[in-house]
Every structure is written in structure tokens, then in C-alpha cells.
Amino acid sequence: MDFNTSKPIYRQITDYCYGRILSGDWQTDGRVPSVKELSVAMAVNTRTVLKSYDDMQALGILYQKRGLGCFVSSEARDIIRDQLREEFFADTLPRLRHEMSMLGISVDELVRHLND
């Protein structure tokens, strides 16, 4: 995985996991790669993946079965969607609105392009 400098690596790993869950690659109640497996696959320190997994467990996205690993919770998709929607409205939309204003793009023009 190619990491960028705009976000901490653990957060980019979390985003990757969110994508896998939302796409259905990681199923509800399905086991996710172990911390070691994912750290090797992504060529990062195990502590970085552990931080991501810990955060997702704290949010209720993943749960742990002792001795078996981490699994996707039944609420994971809803939790992720709610979190990403909040981020969209708090971060992405204001940046989009600012850029549209700078470029002279109206909401009607944007909607027309979205519907094309």
C-alpha cells in the first residue's frame, strides 16, 4: 500500500479496513487478518496496525474472540457509514463549497454534472 502524508498511517490503514468492510470483502462475523498478517502485507510496524484495530474495537466495528482473532461486528457497516458521513459533512463538504466558490461553480451546475 502506498501511504501519503496527509493522514497518519494508522488512520490510512483504518480507511483501508473500512473499505474492505463496506465493499463486503470482510463479512459480518468474519475473521479479519491478524495484526501480524496485515502488518506484513502492508509493510508497516505491527504497532501501527494494532493502533488501527484498537480504535476500530473501541468504536464497535471489530470485536475480539480470545485466541481466535478479530472479527467484523454486525453493526460495523452502519458505524462506518455514520462516521464517514460525519467526516464528509464536517471536512469534505466545506472544502468543496470553498473550491466551488473560488471557481464560480453553482450548486445547480454541480447537480447537473452529478446527474450526467
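A residue counts as buried when its relative accessible area is under 20%, as exposed when that figure is over 50%, and as partly exposed in between. Keep those cut-offs in mind as we walk through this structure, which is a predicted model.

Let's start with T14, which sits in helix α1. Its relative accessibility is 3%, so T14 counts as buried. What is T14 in contact with, once we leave aside its neighbours within four places in sequence? The partners are S52 and M56. Both of those residues turn up again in helix α3, where α1 and α3 meet.

So let's look at that meeting of helices. The axes of α1 and α3 are 8 Å apart, and the two helices pack at an angle of about 55°. Angles under 35 degrees count as roughly parallel and those from 65 to 115 as roughly perpendicular, so α1 and α3 fall into the class called oblique. As for handedness, α1 passes α3 in a right-handed crossing. On the α1 side, the residues taking part are I9, Y10, I13, T14, C17 and Y18. Facing them from α3 are T48, V49, K51, S52, Y53, D55, M56 and L59. Sort this contact by class and you get nine nonpolar, three polar and two charged residues.

Stay in α1 for a moment and find D15, which belongs to that helix, residues 9-23. Is D15 buried or partly exposed? With a relative accessible area of 23%, D15 is partly exposed, whereas T14 counts as buried. The side chain of D15 also has a partner: it makes a polar contact with the side chain of K7, at 2.4 Å. For a sense of distance, take D15 and L110, which are 95 residues apart in sequence. In space, going from C-alpha to C-alpha, D15 and L110 are 27 Å apart.

Moving along the chain, we come to the loop between α1 and α2, where you'll find D29. This residue has a relative accessibility of 45%, so D29 counts as partly exposed. Look at its backbone too: phi of D29 is near 65°, which is a positive value in a residue other than glycine. Why point that out? Most residues other than glycine have a negative phi.

Next up is helix α2, residues 35-42, and its packing against helix α3, residues 46-59. The axes of α2 and α3 come within 8 Å and cross at roughly 120°. That angle lies outside the 65 to 115 range for roughly perpendicular and isn't over 145, so α2 and α3 are oblique to each other. Here, α2 passes α3 in a right-handed crossing. The α2 residues making the contact are V35, K36, L38 and S39, and they meet T46, V49, L50 and Y53 of α3. By class, that comes to five nonpolar, two polar and one charged residues.

One of these, S39 in helix α2, deserves a second look. At 3% relative accessibility, S39 counts as buried. Beyond its neighbours within four places in sequence, S39 is in contact with V44, N45, T46 and V49.

Finally, the loop between α2 and α3 holds A43. Is A43 buried or exposed? Its relative accessibility is 69%, so A43 counts as exposed. A43 isn't a glycine, yet it has a positive phi of about 55°.

Methods: Residues numbered from 1 in each chain as written. Predicted model: local features only at pLDDT ≥ 70, side-chain atom pairs only at ≥ 80, totals over all residues. Heavy atoms only, no water. Axes fitted to C-alpha atoms, helices over the stretch in contact; angles between N-to-C directions. Helix = DSSP H or I, 4+ residues; strand = E, 2+ residues; numbered from the N terminus. Left-handed = near helix turned anticlockwise from the far one by under 90°. Contact = heavy atoms within 4.5 Å. Nonpolar A, V, L, I, M, F, W, Y, C, P; charged D, E, K, R; others polar. Buried < 20%, exposed > 50% of the residue type's maximum accessible area, 1.4 Å probe, protein only. Polar contact = N/O pair within 3.5 Å; in protein donor to acceptor, adjacent residues only side chain to side chain.
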